[in-house]
Amino acid sequence: MSRPPLRNRLLAGALLGALGFSCTPPEEPFPNDAELEQLRTMHTPVSRPPVDATNQYGDDPRAAALGDRLFDDQQLSSCGTVSCRSCHAEESGTVDTPKAEGCGGQLTGRNPPSVLNTGYSTWFMWDGRADRLWNQALLPLLSSVEMASTPTILRNRLSAGYAAEYEALFGQHPSLESDDELLANFGKTMAAYQRTLNRNDSPFDADIIRFIAAVEEGKEEEDPAYLGLKTFFRKGKCIACHKGAMLSDDMFHNIGVKDTSEGAPGVLAAGGPLLDWSFNALGPHSDRNNGTEAGRLQRLGSDLTAKAAELKGAFKTPTLRNVALTGPYMHTGDVATLADVVELYNKGGEPEGSFAGVVSETITPLDLTDEEKQALVKLLESMTGAH
Ligand code: HEC
Ligand code: HEC
């Protein structure tokens, strides 16, 4: 099976144009060869996230089992009522409200992203202020708005409820561990657990596989996924950022989500503290801190100066996998439905943008038809994975 050469398909288009069927230059048939290559990278990813060398416990089932229990433990919070699960529910990995409630009913500053498929990410939090899944876990634990915990509360709880499991894994009774070591090890069990929370294998994957086969037979236009995919690639330009198996470039962009909070303006503010953080991938608690993991942080460091204007108000491109389960949307949680998300992109973002930063070049009004908007929403809805 091989698809008709692009040249012939272009010629057919040109011929139709010449015969007076169209006054505008013929559109290149979708997908062209480069787009077809991209399509091939977008379906069912490997079943386990890539290894994180900075966490030697990342794929240890004992660490995942301990992490699973700790994820649900409200006694880790100073108020005794909030666990990770309070804000990252079983089915969706998040909550269905714009913000979530921590200790004392305090509201989080941003919308909780889903913890499903987080093992595939390389930056964590909307503004990227954690560079590993294991060090991310320290932030909600210690945040005064979320679990408002302390190393002492953690030590007491681990000693009372999990001492044998902890000691078997880390070779030390929790009561004898230093604060920092205890925090890092806690984070490593959280990461090990969350690395098992993957929901892939969606109707979208089956559609992509079928669509590629249709392209090879020259029948792509008859495929039910044609309009949605074509709009995702062409008029919608979604593919510029939502690419690869996780449908994310794992980079930061200001797409013009209105944000009037007093919060810090995205990665531009978060990047510096991350580079100085003793729990980052290069710090003493990383299991591979010999420099081989330095590249990404060094690049961030130079981007923060070289691309400062662009990174103001820039937030992480989230995965689109399971997106139908995770509304409301965006770092603010102010965009209620997927149809609203498409409308936001269609108008080229809010004029103010995030913190009045420079809105990404690719974000411009799209002029989508109702049919194209519906096809995009349907495509997004198809990305929900089986358990
Ligand atoms: C009170 C609600 C709340 C609690 C409790 C909470 N989280 Fe979150 N979580 C959030 C919010 C809000 C964000 C986004 C914060 C931001 O980007 O500023 C988030 C982000 C995350 C992310 C980053 C996901 C991504 O794609 O960037 C992970 C992973 C995560 N939380 C795991 C945990 C773990 C593990 C715990 C328990 C130790 C926990 N959370 C406790 C609300 C909560
Ligand atoms: C320039 C890069 C870029 C382009 C182009 C882009 N996105 Fe996004 N997308 C992002 C970023 C960054 C966010 C998060 C923005 C924020 O919260 O401030 C996002 C958020 C989303 C969300 C919300 C997900 C969630 O979990 O809250 C959806 C859905 C989405 N995009 C779909 C699309 C669709 C459909 C298109 C094409 C019409 C598109 N994106 C084009 C970068 C992009």
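This is a short tour of a predicted model, from its domains to the surroundings of its ligand.

**Stop 1: the domains**

Colour the chain by domain. Domain 1 covers 1-30. Domain 2 is written in three pieces, 37-47, 199-266 and 312-387. Select all of these pieces together. Domain 3 runs over 61-194. Now put a marker at the C-alpha centre of domain 2 and another at that of domain 3. The two centres are 29 Å apart.

**Stop 2: where domain 2 meets domain 3**

Show the residues in contact across this boundary. Domain 2 brings 24 residues and domain 3 brings 22. How much area is buried between domain 2 and domain 3? The figure is about 1,900 Å², and carbon and sulfur atoms give 53% of it. Next, select D250, K316 and H331 in domain 2. These residues lose the most area to domain 3. Together they account for 26% of what the domain 2 side buries.

**Stop 3: polar links across the boundary**

Switch to side chains as sticks. Between domain 2 and domain 3 there is one salt bridge. Pick E91 and R199 to see a salt bridge whose closest N and O atoms lie 3.6 Å apart. Polar contacts join 10 residue pairs between domain 2 and domain 3, counting pairs with both residues at pLDDT 80 or more. Colour the touching side of domain 2 by residue class. That side holds 10 nonpolar residues, 10 polar ones and four charged ones.

**Stop 4: the shell around ligand 1**

Centre the view on ligand 1. Its surroundings comprise 30 residues. Which of them come nearest? Select C84, C87, H88, M125 and W126. By class, the shell divides into 17 nonpolar, eight polar and five charged residues.

**Stop 5: atoms facing ligand 1**

Zoom in on M125 again. One of its polar backbone atoms is 2.7 Å from an oxygen atom of ligand 1. Move to Q136. An N or O atom in the Q136 side chain is 3.2 Å from a nitrogen atom of ligand 1. Then pick E146. Here an N or O atom of the side chain lies 3.4 Å from a nitrogen atom of ligand 1.

**Stop 6: helices that supply the shell**

Return to the cartoon view, keeping ligand 1 in place. Highlight helix 4 (84-87), helix 5 (133-136) and helix 9 (179-194). Each of these helices supplies at least two residues of the shell around ligand 1. Which helix gives the largest share? Helix 9 does, with three residues.

Notes
Residues are numbered from 1 along each chain as its sequence is written. Chains are lettered from A and ligands numbered from 1 in the order in which they are written. This is a predicted model: local features need pLDDT of at least 70, side-chain atom pairs count only at pLDDT 80 or more; totals for chains, interfaces and linings use all residues. Side-chain values use heavy atoms; hydrogens and water are left out. Domain bounds come from an automatic or database domain assignment. Contact means heavy atoms within 4.5 Å. Buried area is the accessible area (1.4 Å probe) that two parts lose on being put together, summed over both. A salt bridge is a side-chain nitrogen of Lys or Arg within 4 Å of a carboxyl oxygen of Asp or Glu. A polar contact is a pair of N or O atoms within 3.5 Å; within protein, one must be able to donate a hydrogen and the other to accept it, and residues adjacent in sequence count only if both atoms are side-chain atoms. Ala, Val, Leu, Ile, Met, Phe, Trp, Tyr, Cys and Pro count as nonpolar, Asp, Glu, Lys and Arg as charged, and the others, Gly among them, as polar. A residue is near a molecule or strand if one of its heavy atoms lies within 4 Å of it. Helices (H or I, at least four residues) and strands (E, at least two) are DSSP runs, numbered from the N terminus.
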